[in-house]
Structure formats: structure tokens, C-alpha cells
Amino acid sequence: MRQHYDYYALLSILRSYQREEGWFEFKENNIDPEHLGIYVSALSNTAALTEHPYGYLVWGVSDGTHEVVGTSFSPKKEKKGNMELDAWLAINTNPRIDVSFIELDVEGARVVIMEVPAAVSCPVRFMKDEYIRIGAVNQPLSLYPDIERELWRRFDRIPPEMRKLTTGLRGEAIPDLLSVDSYFHMLRLQVPITLEEKLNRFEQENFIQKDDNGTYSITVLGALLFAIDFNLFPSIASKAFRIIRYEGSGRVNAINDVIIPSGYAFSFENICSTAENMLPIHEIIGSGLRKDVRMFPSSIWREVVANMMIHQDLSVSGSGPLLEVFDSRIEGTNPGTLLVPRDRIIDAPPRARNEALAAFLRRIHVCEERGSGFDRIEESLAAYCLPSVLAENSEGYTRVKIFWYPSFQKWTMEDRMRTCYFSTCLNYIESVPVSNSVIRERLGISSSNSAVVSRLMNAAVEEGLIKVKDSSQGAKARRYVPYWA
């Protein structure tokens, strides 16, 4: 349910149509959950096809006369098995979408509106099939290949971050939802005197859009960057940044769990300071002195945080960026798989799922234009002689793991091989010849232990991770390059 939205006005607008459109329908009585699931798929896909941000099913209005007749349907009382109706609908749609039920009292008559977000990047499926509205009938999308092609063209044309999130807003309602003035402060611009000037700037940035009727819509981009509270935008509430601190190395004992509910640009420093305060403190000994330091320097995990925001898949609902802190590692997880093979994260050209989001975060120096993010993480890890990042893809999400060890002797063989490979990659793209001494310095090993590095590099060659650049060279003169060079 959208905050500050006039659902009574919406009902009046829907009733004013001469007949039902594909993106909304009136019902007087309840329907069984399976048919309701078909409606969810059909309304979501049809709303996307007709470029409406939502589709609607309305109980308590006659589909013939559009008169309010009331309904006995109560979504809070409906269940499928032992599950609540809205939860059952959510888990049986793919991609998962969260529908909202709004209950209204219209002159003593009860009206219920089911609000269904439009499909974002692919057709929404219920159970095994995708549906579309043909006239007033829900039909399998597969029966209409021309409509299916047009729907996919819609997805290609409108990026998820430019999708309308909340519509029909008066201008004075925008500052209640978005932190408008913080935009001008972080870009060091003079704050305009009038609200109209502020909204014009937000419209230029595509944070909001002015509709034909003079009202405003907030885009996904605007909410992700400047939402005062993500809970005011139910369809992206799960995108709020979450940080969990565990005791030990497992997920059994969570000792702190914090959700930062505001937009990324608005709250980036708060996210970073919250994460830093959760990092374990380790004792190190140098020059005969002992001192306590945080587990990882800010240059590492700030880059992880920015990458999670930029590269998340916005079409996946129900999950968002999650940073987990353990006693000797951190893990960053975001919805959406890597856009490049995970062994090419260092050298691949920079790509972002959400170009406008990435561009603005670059403007406020949350992330940089150059590089992919992973190369900068590797540079920071090298400065502290820590293992290279481990990137994992699994079932629609990306997880990066960064490990902390008190000494090289504690590293696993997997850590050593991965670091040898990624260090070779980074040096190769920076035109630095990779020798035994380069890798030895990367690992923080003294020259007296160069044989350890030689054995490691030979193992990396045998595994096909790196190769000798010129095999005619003697062992001491050998230089190495990545396998793909």
C-alpha cells in the first residue's frame, strides 16, 4: 500500500471509464486463490504492456454499471492451506511480486482493491504459466506471440530504475517521501527557494516525472537514492540496506541486525559508519608495539557496499543488499548474478545493471568512473596482504566474501591460488611484469621464503590459472600472465 496515495480518488477514476480496461477489472464476489493468482500474472503483465505502474482488481463494484455495491471479501481472512493469501500469491509468482490489498469504506459499502505492480524486466508467471488480459479475459501469454514480443520490447525500452513507483502525487507531497534538500547539499548547490524549482531539478534528474494531469510520479531511481523511508514504497521496501553482525564464523548467533531504511545517496555515510562499528577489532604487533585495528580498512568494504547497490537486480523483489559481518570475514550479497564470468571480474570492462543509479553515485563520489570495483578491492586487499575476494553466483544472487587472517600461514590453499591468479590479472592489465617477487610481495612473504611462492605459482600453472609468458626463460627470469592473456 502506497503512503500518501488517495485510493478513493483512484476508485473514482477507475469507475469513470466507460468499460473495464486490460489493467483493471471490477468484481462483486470473491474468487478462489488459483484464479486470483492468474489475475495477478495477467494484470501485472498487462499493466507493463499498457505502461501503467500498477494493475487493479476491485471488489465491491458492479462490472456492468460501475456502481458501488459492496463486498464481503476480506483478504485478511483468506488463506490457502495454512498460508496467508498475500504470502501464498507472492511465493507462487515468478519473478516474485508483492501485491497489496486496500480496504475502503465508500458511503457505508465495503470496497477492496488489489494493487499489482507492473512487470519490470520479464513477464510475471503464476505457477507454470504467464498470462495476459485479452479484453476482459485472462489468457495464456504463449497463445499471443505478437503481444509477447511487444511486451518484451517494453521491457527493453524502460529500464527498471526508470519505472514509475508512486503516481498521482501533488507536488507538496514529494518532500514527505524524498529527502529533496539533501540532493542540493551533497552536490554543493544552493538550495532553491521555491518547491517548484526543486521539483524541476528532480524532474531533470529523472527522480520524479510530471504526468499529463499535473500530478507527479516518483521513479524507482528517485526512491532508491533519496527515499526518507523505504517502507513508504512497499514494492521496493526490501531494497533497504541491511547489516548483520554474527558471533563466530556461522549464522547461528546474530548479535546485531540493522536495516538502514533510507535512500542510498541520502544514507551512504550512515551505512558505512554502521558497518564499520560492527567490524571486529584485532590486535596486531608492529615494531614491538601492540595496537588494536578494525578487521578491514574502509577502502575495502566501502567499495563492497557501493558494488552491492549498483549491481543488484531491481526486478527481483523480496530481497536487497545484505552485508554480513563475521569474526574473520565479511560477506556482501545482492540479488542478481554477476554480469561477467567470476574469474574475469578484475579485467572485465565496467558494467552496471543500473546505469543511472551508478552514474549518480559516481557524481557524489560513492564510487569511481574507472575500473570495475573489484580491481579497486584487489588493490586495497593487496596493500594489507589479505586474500583476494571470492565471488560466488548462485540461484539469482551474487555473494562476495573477503577473509581476514592474522598471518599468511593461516590462508587456505584456495585463498592462495585465487590471490595468485587475481594479482596476476591486475598486474597484467596495469602492464606490470609478474615475477616471483611480485607475488611474494602481494602475499606478504619474506624473500627467505621465495620457494613457497615458486611452488604456489607452479601449482597455479598446473591448474590453468596462469601461464609462463616465455617458457624459454630460466626459472628466475620467468614472467607470468593470466591464462586468457
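Helices and strands here are DSSP runs, numbered from the N terminus, with at least four residues for a helix and at least two for a strand. Keep that in mind as you explore, and remember that this is a predicted model.

**Stop 1: the largest pocket**

Select His52, Pro53, Lys164, Thr167 and Asp211. Of the 38 residues that line the largest pocket, these five are the closest to its centre. The volume of this pocket is about 970 Å³.

Now colour the elements around the pocket. Helix 1 (7-16), helix 2 (33-49) and helix 4 (145-157) each give at least two residues to the lining. Strand 2 (54-59), strand 11 (164-169) and strand 12 (208-210) also supply at least two each. Which strand provides the largest share of the lining? Pick strand 11, which contributes four residues. If you colour the lining by class, you will find 21 nonpolar, eight polar and nine charged residues.

**Stop 2: the cavity**

Next, look for a closed space. The structure has one cavity of 30 Å³ or more, and about 170 Å³ of space lies in it. To find the spot, select Arg96, Ile97, Val120, Ser315 and Ser317, which lie nearest the centre of the cavity among its 19 lining residues. Eleven residues of this lining are nonpolar, four are polar and four are charged.

**Stop 3: the nonpolar cores**

Show the side chains of Phe233 and Leu361. Within the largest nonpolar core, a set of 95 residues, these two have the most contacts. Then select helix 10 (residues 298-311), which gives the most to this core, with eight residues.

Zoom in on Leu361. What does leucine 361 touch, leaving out residues up to four places away in sequence? Its partners are Leu225, Ala265, Met309, Ile310, Val366 and Cys367.

A second core is separate from this one and has 48 residues. To find it, select Ala42, Phe73, Val112 and Ala118, which are among its members.

**Stop 4: salt bridges**

The model has 26 salt bridges. Let's visit three of them.

Start with glutamate 205 and arginine 363, whose closest N and O atoms are 3.0 Å apart. Glutamate 205 sits in the loop between helix 7 (195-204) and strand 12, while arginine 363 belongs to helix 11 (residues 355-363), so this pair ties together parts that are 158 residues apart in sequence. Are the two partners buried or exposed? Glutamate 205 is buried, with a relative accessible area of 16%, whereas arginine 363 is partly exposed at 39%.

Move on to arginine 442 and glutamate 378, where the closest N and O atoms are 2.9 Å apart. Arginine 442 lies in helix 14 (residues 436-443) and glutamate 378 in helix 12 (residues 374-383), so you can see distant parts of the chain, 64 residues apart, being linked. Arginine 442 counts as buried because its relative accessibility of 5% is under the 20% cut-off. Glutamate 378, at 3%, counts as buried too.

The third pair is glutamate 331 and arginine 329, with closest N and O atoms 2.7 Å apart. Glutamate 331 is buried, with a relative accessible area of 1%, and arginine 329 is buried at 13%.

**Last stop: a network**

Keep Glu331 and Arg329 on screen and add Arg251, Glu324, Glu392, Arg399 and Lys401. Together, these residues are linked in a network of salt bridges.

Notes: Residues numbered from 1 in each chain as written. Predicted model: local features only at pLDDT ≥ 70, side-chain atom pairs only at ≥ 80, totals over all residues. Heavy atoms only, no water. 1 Å grid on protein atoms, 1.4 Å probe; cavity = no way out; pocket = protein on both sides within 12 Å on 5 of 7 lines; lining within 4 Å. Points joined across faces, edges and corners; volume = space filled by probe spheres on them. Nonpolar A, V, L, I, M, F, W, Y, C, P; charged D, E, K, R; others polar. Core = buried A, V, L, I, M, F, W, Y, C linked by side-chain atoms within 4.5 Å. Buried < 20%, exposed > 50% of the residue type's maximum accessible area, 1.4 Å probe, protein only. Contact = heavy atoms within 4.5 Å. Salt bridge = Lys/Arg side-chain N within 4 Å of Asp/Glu carboxyl O.
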